[in-house]
Each structure stands twice: as C-alpha cells, then as structure tokens.
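Biologist: I would like to learn how to read an interface between two chains, and then a nonpolar core. Can we work through an example?

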Amino acid sequence: MFRLEGVSVSSGAETVLADVSVAVGTGEVLAVIGPSGVGKTTLLDTLALSTRPDEGVVRFDGTAAWAAGRGTRLGVRRRLGMVFQEANLFDASVRRNVEYGLRVRQSWRERVGGAIRGRLLSNRLVGWLRRLRATVGGDPTAPDGGSAGRSTAVEEALGVVGMADAADRHTASLSGGEAQRVAFARALAYDPDLLLLDEPTSDLDPRNTAVIEEAVATARDSGIGVVLATHDMHQAERVADRVAVLLGNGVVERGPTAQVFEDPAEERTRKFVAGELVY
Amino acid sequence: MMGPGLDTVLLGPLLVEFPFEATYVRSIISVSLYVSLIAVALSTLVSVPVAVLVGLSDFRGKGVLTSVINTGMGFPSVVVGLAVLFLVSNQGPLGALDLVFTKEAMVLSQFVLATPPVTAISLAAVTGVDRGVRDAAHALGGTRVDTALVVVKQARYGVATAVLAGFGRAISEVGSVLIVGGNIAGADGVSKTRTLTTAIQLEARQGRYGTAMVLGAVLVGLVLVVNAVVVRLGGRGVGG
C-alpha cells in the first residue's frame with residue numbers, strides 16, 4: 001500500500017498541497033482529478049519521492065520513506081514507474097529507452113560488461129550469428145546471450161502498448177502518440193508495483209488515448225497500482241476504481257468512482273464534475 | 001668557371017637547408033599531437049564532470065562560477081604561458097620537477113588554456129538538456145550518477161563540440177608553448193618542444209615560406225581529421 005498522510009508542500013511562499021492524504025493499493029486505479037494548477041503533478045512528484053513534503057509522511061508498505069536512508073528510498077523509487085505529460089524520451093532507439101529502467105537496476109559490473117559486449121558485437125557479427133543460428137535450425141530472431149531476459153521484458157512492455165514492431169526505431173521518428181506509448185512501455189518494462197501517470201493522454205488523439213487506457217487496465221489486471229492525475233473526468237470515469245478530487249490545494253472528496261461522479265458528498269465536487277466550478 | 005649542377009640547383013634548398021626535413025616535420029607533428037591531445041584529454045576528464053556538477057546542481061554563487069568559467073575562455077595565452085613558466089621554473093612551486101622547456105610543461109599550459117572552453121561549452125550543452133529527460137531518468141529508478149550519465153549522453157554533440165574547441169585552442173596556440181617549451185629542435189633535426197605553430201612562426205621569420213606553408217597545411221589537415229573523428233564519436237547513437 002502506498003500512501004500520503006497529511007502531506008503539505010509549498011513552493012516559496014505559495015502552498016501547493018495542504019494536508020493531503022491519499023492511498024492506493026496494488027491492482028487498483030486511483031484517479032486524482034482537479035483543474036490545472038491545483039497540485040496534481042506535485043502530488044505525483046511527492047509520491048515519486050522527487051519532492052520532499054514540508055509536512056506529513058510518504059509511506060510505502062508501512063515504511064516512512066523520508067525517515068529511511070537513501071538506499072531504502074532508492075529501493076522504494078525502483079518500485080515505481082512514472083509517465084509524464086510529455087514523453088521525455090531519450091535521444092536513442094525505442095529499445096534503449098524501454099530497457100533503461102532494467103539497465104539501471106543491474107549492478108555496475110553487469111552494465112559495463114553488457115556495454116562492452118554491445119560494442120564488440122558489431123551489427124555485422126550479430127547478423128552473422130543470427131544466420132548461423134537459422135542455419136542450424138534455431139530461431140534467427142531470438143535475442144543473443146545474457147540480454148535475453150531484458151529483451152523479452154522490452155518486447156512484452158512494447159506489446160502492451162501496441163509498439164512491439166518499433167523496438168529498433170529511433171525516437172526521433174515517432175509521432176507524439178507513439179512516443180507517449182513508448183514512455184508508458186518504458187515505465188512498465190521493469191514491472192513496477194505502482195505506476196504514476198501525470199496526464200499522460202492530454203496531448204493525444206482518441207486512438208492513442210484508447211491504447212493508453214487499455215494499457216492502464218492491463219497494468220491493473222497484472223496487480224500494479226496506478227495513480228492517474230487527469231483533468232479529463234470522462235477518462236477518470238472510464239478507467240478509475242476510485243477517485244480523489246483535488247480542489248484548492250487539498251483533497252475535498254474521495255471514494256469509489258461511481259459514487260464521486262453520481263452522488264458526490266461535497267457541493268464543490270458536484271459543481272466541478274458538472275463543469276460549473278471555474279478556476 | 002663551373003656553376004652548380006642542375007640537381008643541386010633543384011634539390012639544393014632541400015638537401016642543404018633541410019637534410020632531415022621529413023624527420024623534422026614528423027617530429028614536429030608528433031610533438032604537436034602529443035601535447036595537444038594529452039592536454040585536451042586531461043582537460044576533458046576534468047571539465048565534463050565539473051560541467052555536469054555545476055549544470056545539475058543549484059547552489060549559491062552558481063551564476064558567479066559560470067561567469068568565471070566563461071571569462072576563462074578569454075585568458076591571454078602568453079599570460080598563461082608566463083604563469084606556467086613561473087610555476088615550473090627553479091624558484092616556482094613545481095621547480096623540483098625540472099619541467100622547464102619540456103613537453104610536460106607545454107601540456108600543463110595547454111591544459112590551462114583548453115579547460116575553460118571545454119568546461120564552458122560542456123556546461124552550456126548540459127544545461128541545454130531538457131529537464132524532462134533528467135526527471136525521466138530519476139523517475140525510472142536512476143541514481144544521481146545514472147541521471148548524470150543520461151545527461152552527458154544527451155549532450156554528447158555539445159560535449160564533442162567542446163572537446164573540438166579545446167583541441168582547436170590547444171593545437172593552434174603559439175604564445176604559451178613558445179614561452180614554456182622554448183621552441184627547441186635538436187641538432188639532429190628532431191623536435192624536442194617545437195610544435196607546428198612555433199615552427200611555422202620560426203620558418204616564416206627565417207624566410208622559409210615553403211616549409212611554413214607545408215606545416216600550415218599539415219596543421220589545417222590535422223584539425224580537420226580530429227574534427228571528423230570527434231564528430232563521428234560524438235554523433236554515435238548511444239543515448240539513454
């Protein structure tokens with residue numbers, strides 16, 4: 001269980017979050033809805049341990065993250081995946097991007113060894129090995145050597161977002177929607193316990209939005225907890241199990257999706273959901 | 001009265017004035033490359049980590065430090081040469097190392113000259129990397145070192161440009177290497193501390209314009225080759 005308990009965050013003299021508490025368990029989707037600038041991104045950054053709260057506790061399975069040592073926090077961070085509003089892909093191939101999370105989880109010895117093997121095994125040599133493999137009756141498309149597990153994870157993650165055939169493309173050749181799908185695969189590849197999605201479809205067309213929403217459902221079904229920050233209430237209604245409504249720097253209402261949208265306890269929530277609350 | 005033979009007329013200038021020209025030119029190229037490449041390699045080892053540290057950190061005085069680094073690009077080379085000569089002279093703090101008029105002293109002065117441009121241009125490249133890329137590296141579980149490596153890879157074209165600028169400054173520099181190196185060639189025609197630039201200056205002053213032109217062409221050719229190599233290495237797709 002991942003939770004924020006009474007968290008307050010300020011930026012200079014301005015209060016961004018005030019006494020916010022939310023929790024998300026494995027295999028559920030929590031949508032954090034609210035207008036732009038209300039602190040949804042700060043809430044996700046706080047959960048991601050990128051922002052240290054002024055007050056309150058960020059707790060993962062009972063451990064207060066900021067009271068623990070740096071090593072513990074790194075361990076916690078490595079249980080999280082995050083997708084931003086922008087894809088923020090590295091200037092490299094899709095494969096290099098998606099396997100990044102897996103690479104940083106390797107020891108330096110494995111990483112240096114892998115890099116040296118990658119340099120020594122030229123494309124020509126790899127091609128020759130594949131032809132040799134095909135000649136002796138093997139699968140010529142099978143990955144080589146110790147990178148097999150990583151390749152499989154990369155291909156599975158890309159498959160979830162319908163980009164399995166794009167592994168060898170450079171990110172510069174991707175459309176905005178494809179780039180965001182790759183960013184989603186990148187966060188999924190190392191099988192995190194919690195996915196943090198910061199308005200991941202706000203710049204996408206309906207088709208790419210649908211792919212991402214399906215991927216969110218797949219992640220949930222495989223036991224991953226998801227926190228989705230969005231100002232798209234229809235999307236929250238479609239994908240979330242529970243909703244937290246963030247207004248005026250605080251959570252004014254939280255509960256099952258149907259209840260929040262159909263029978264909100266708070267007048268401000270009713271107005272926001274009805275589009276009557278203008279910020 | 002017998003005049004000089006045709007072969008003497010044609011080859012005389014080469015045979016008489018430069019009986020060891022090939023060796024001479026080769027040794028000058030060798031000294032130039034040795035001094036410049038080692039100085040730039042050392043400068044890169046220092047400058048890139050400094051640029052990453054400064055670029056990725058927020059601290060009081062960062063603006064002042066950046067200004068100092070940028071100002072360093074305009075250091076007059078003769079002043080640097082003078083300072084390094086003082087450092088390595090018998091009375092200087094490094095006097096015990098007996099470095100006066102050696103290639104090592106020249107490396108030291110070129111290092112001092114190359115470091116500001118390499119640092120400043122690397123810093124600009126590092127700070128130009130999209131903040132979102134750093135955030136992504138961190139959010140994907142990267143440590144500070146992982147994030148710094150991602151930033152350097154993303155800034156690789158800029159870092160390659162920085163290295164080129166440093167190499168350009170080092171290999172085309174005259175004043176400081178003349179002061180700390182002494183522009184020495186042995187009686188056997190082998191350069192001890194004579195570089196392409198100091199040799200060009202000497203040959204032109206002595207009226208041997210042909211040799212000076214050849215050395216100038218070699219210098220330009222070397223810069224072009226090193227440019228091509230660094231751009232090739234810097235442009236290799238290794239991101240992420």
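Modeller: Take a salt bridge in this predicted model. A:R78 pairs with B:D146, and their closest N and O atoms are 3.8 Å apart.

Biologist: Why does that pair count as a salt bridge?

Modeller: The rule asks for a side-chain nitrogen of Lys or Arg within 4 Å of a carboxyl oxygen of Asp or Glu. A:R78 and B:D146 have their closest N and O atoms 3.8 Å apart, so the pair qualifies.

Biologist: How many salt bridges does the rule find across the interface of chain A and chain B?

Modeller: Three. The count of residue pairs in polar contact between chain A and chain B, both at pLDDT 80 or more, is eight.

Biologist: Which helix of chain A gives the most to the side that touches chain B?

Modeller: Helix 4, with four residues. At least two residues each come from several elements of chain A, including helix 2 (70-77), strand 6 (80-83) and helix 8 (176-188). By class, that side of chain A has 13 nonpolar, three polar and 10 charged residues.

Biologist: How many residues are in contact, and what area do chain A and chain B bury between them?

Modeller: In contact are 26 residues of chain A and 25 of chain B. The two chains bury about 1,900 Å² between them, with 52% of it on carbon and sulfur atoms.

Biologist: Now the core. Which residues touch the most other members of the largest nonpolar core?

Modeller: That core has 116 residues, and those touching the most other members are A:I33, A:L43, A:V98, A:L158, A:F184 and A:L195. Apart from it lies another core of 13 residues, including B:V31 and B:L99.

Biologist: What does A:L195 touch?

Modeller: Leaving out residues up to four places away in sequence, the contacts of A:L195 include A:G81, A:F184, A:L188 and A:V227.

Definitions and conventions. Residues are numbered from 1 along each chain as its sequence is written. Chains are lettered from A and ligands numbered from 1 in the order in which they are written. This is a predicted model: local features need pLDDT of at least 70, side-chain atom pairs count only at pLDDT 80 or more; totals for chains, interfaces and linings use all residues. Side-chain values use heavy atoms; hydrogens and water are left out. A nonpolar core is a set of buried Ala, Val, Leu, Ile, Met, Phe, Trp, Tyr and Cys residues joined through side-chain atoms within 4.5 Å. Buried means under 20% relative accessible area, exposed over 50%, partly exposed in between (1.4 Å probe, protein chains only). Contact means heavy atoms within 4.5 Å. Buried area is the accessible area (1.4 Å probe) that two parts lose on being put together, summed over both. A polar contact is a pair of N or O atoms within 3.5 Å; within protein, one must be able to donate a hydrogen and the other to accept it, and residues adjacent in sequence count only if both atoms are side-chain atoms. Ala, Val, Leu, Ile, Met, Phe, Trp, Tyr, Cys and Pro count as nonpolar, Asp, Glu, Lys and Arg as charged, and the others, Gly among them, as polar.
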